[in-house]
Amino acid sequence: MGLEHAFAVLGQQKLTELRDRICCVNDLLVTGDYSEDPDLDINLCARDIFKAGYFFIEDIFYDDTRHADSLKYSDEVIAWAAKSGTHYKSLPMEGTKFSDLSLRIGYPYVYMHQGNCEHLLVVSDIRMLHPHDSFNILDYPYLVKRPSKKRTICRICAFDSARWMTEGSFNSLEDPSFYCQVCFRSIHYDQNGKKIGNFKAYKYFDSHTVL
């Protein structure tokens with residue numbers, strides 16, 4: 001997998017400030033089958049429900065414990081590792097600044113959220129501010145670079161971006177398949193909006209069009 005995003009952060013900033021700027025499509029997902037009622041409006045997305053996450057840096061888990069109801073994903077890993085004689089520790093993400101860390105340039109660290117969604121985190125440079133850098137603290141973490149975009153298009157019109165993913169659709173040449181809003185409704189529902197056939201439908205968020 002190539003580069004997702006590159007950020008510039010300040011040493012005085014806390015790890016949670018970077019976490020809040022990291023964009024992952026899995027945070028935006030609304031789980032569940034919507035085939036029976038595609039118009040059902042649920043405002044909660046995955047990041048509102050599953051708030052936990054951690055950075056794993058130099059054998060230390062930095063857990064986001066800002067929310068009392070969040071799980072500490074590191075607890076299970078730490079307990080499992082201890083059985084083999086490997087001992088890790090956990091610190092609160094919200095209480096740790098980047099200046100508190102011991103970092104290695106180019107070494108892969110881990111950001112994990114949503115239970116099993118992992119991202120590699122690599123520090124590419126550590127330096128003082130340059131004259132061309134912003135001196136406004138509110139600009140940081142600053143998005144330096146994002147990847148080129150290649151969107152997932154509708155399998156029917158081959159033009160609009162996909163907004164739905166189906167499983168078990170009799171109209172699909174592949175499974176799962178992806179549809180824009182118009183094509184999804186036109187082939188899966190009759191003129192009265194009644195579901196045609198037995199399939200599952202999930203709201204689809206393309207990271208290249210929503211992030």
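Helices (at least four residues) and strands (at least two residues) are DSSP runs, numbered from the N terminus. The model treated in these exercises is predicted.

**Exercise 1. Determine where Ala158 and Gln114 lie and what marks their backbone.**

Step 1. Ala158 belongs to the loop between S7 and S8. Gln114 belongs to the loop between strand S5 (108–113) and S6.

Step 2. Most residues other than glycine have a negative phi, and most peptide bonds are trans.

Step 3. Ala158, a residue other than glycine, has a positive phi near 55°. Gln114 is not a glycine either, yet its phi is positive, about 55°.

Step 4. Buried means under 20% relative accessible area. Gln114 has a relative accessible area of 14% and is therefore buried.

**Exercise 2. Locate the cis peptide bonds that precede Pro141 and Pro176.**

Step 1. Tyr140 and Pro141 are joined by a cis peptide bond with omega of about -5°. Pro141 sits in the loop that runs between strand S6 (117–122) and strand S7 (142–145).

Step 2. Asp175 and Pro176 are likewise joined by a cis peptide bond, and omega is about 0° here. The loop between strand S8 (164–167) and S9 holds Pro176.

**Exercise 3. Describe how S3, H3 and S4 are arranged.**

Step 1. Strand S3 (residues 60–63) pairs with strand S4 (residues 89–92) in the parallel sense, over four bridges. In one of these pairings, Asp63 has Pro92 in S4 as its bridge partner.

Step 2. Helix H3 (residues 73–82) joins S3 and S4 in a right-handed β-α-β unit.

Step 3. Leu71 is found in the loop between S3 and H3. The cut-off for an exposed residue is over 50% relative accessible area. Leu71, at 59%, is therefore exposed.

Step 4. Leu71 and Asn136 are 65 residues apart along the chain, and 34 Å separates their C-alpha atoms.

**Exercise 4. Decide whether Ser177 and Cys180 are buried or exposed, and list their contacts.**

Step 1. Ser177 lies in strand S9 (residues 177–179). Cys180 lies in the loop between S9 and helix H4 (181–188).

Step 2. The relative accessible area of Ser177 is 2%, so Ser177 is buried. The value for Cys180 is 3%, so Cys180 is buried.

Step 3. Residues up to four places away in sequence are left out of the contact lists. Ser177 then touches Arg155, Trp164, Met165, Thr166 and Ser172. Cys180 touches Cys154, Cys157, Asp160, Ser161, Ala162, Arg163 and Trp164. Trp164 thus appears in the contacts of Ser177 and of Cys180.

Step 4. Met165, a contact of Ser177, is 15 residues from Cys180 in sequence and 9.1 Å from Cys180 in space, C-alpha to C-alpha.

**Exercise 5. Characterise the second largest pocket by its volume and its lining.**

Step 1. The volume of the second largest pocket is about 330 Å³.

Step 2. Its lining consists of 17 residues; those nearest the centre of the pocket are Arg19, Asp20, Ile22, Asp27 and Arg47.

Step 3. By class, the lining of the second largest pocket contains eight charged, seven nonpolar and two polar residues.

Terms used. Residues are numbered from 1 along each chain as its sequence is written. This is a predicted model: local features need pLDDT of at least 70, side-chain atom pairs count only at pLDDT 80 or more; totals for chains, interfaces and linings use all residues. Side-chain values use heavy atoms; hydrogens and water are left out. Buried means under 20% relative accessible area, exposed over 50%, partly exposed in between (1.4 Å probe, protein chains only). Contact means heavy atoms within 4.5 Å. Two strands pair if DSSP finds at least two bridges between them. A crossover is right-handed if, with the strands pointing away from the viewer, the path from the first strand over the helix to the second runs clockwise. On a 1 Å grid over the protein atoms alone, a cavity is a set of points where a 1.4 Å probe fits but cannot get out, and a pocket is an open set with protein on both sides within 12 Å along at least five of seven lines; lining residues have an atom within 4 Å of a point. Grid points are joined across faces, edges and corners, and a volume is the space filled by probe spheres set on the points. Ala, Val, Leu, Ile, Met, Phe, Trp, Tyr, Cys and Pro count as nonpolar, Asp, Glu, Lys and Arg as charged, and the others, Gly among them, as polar.
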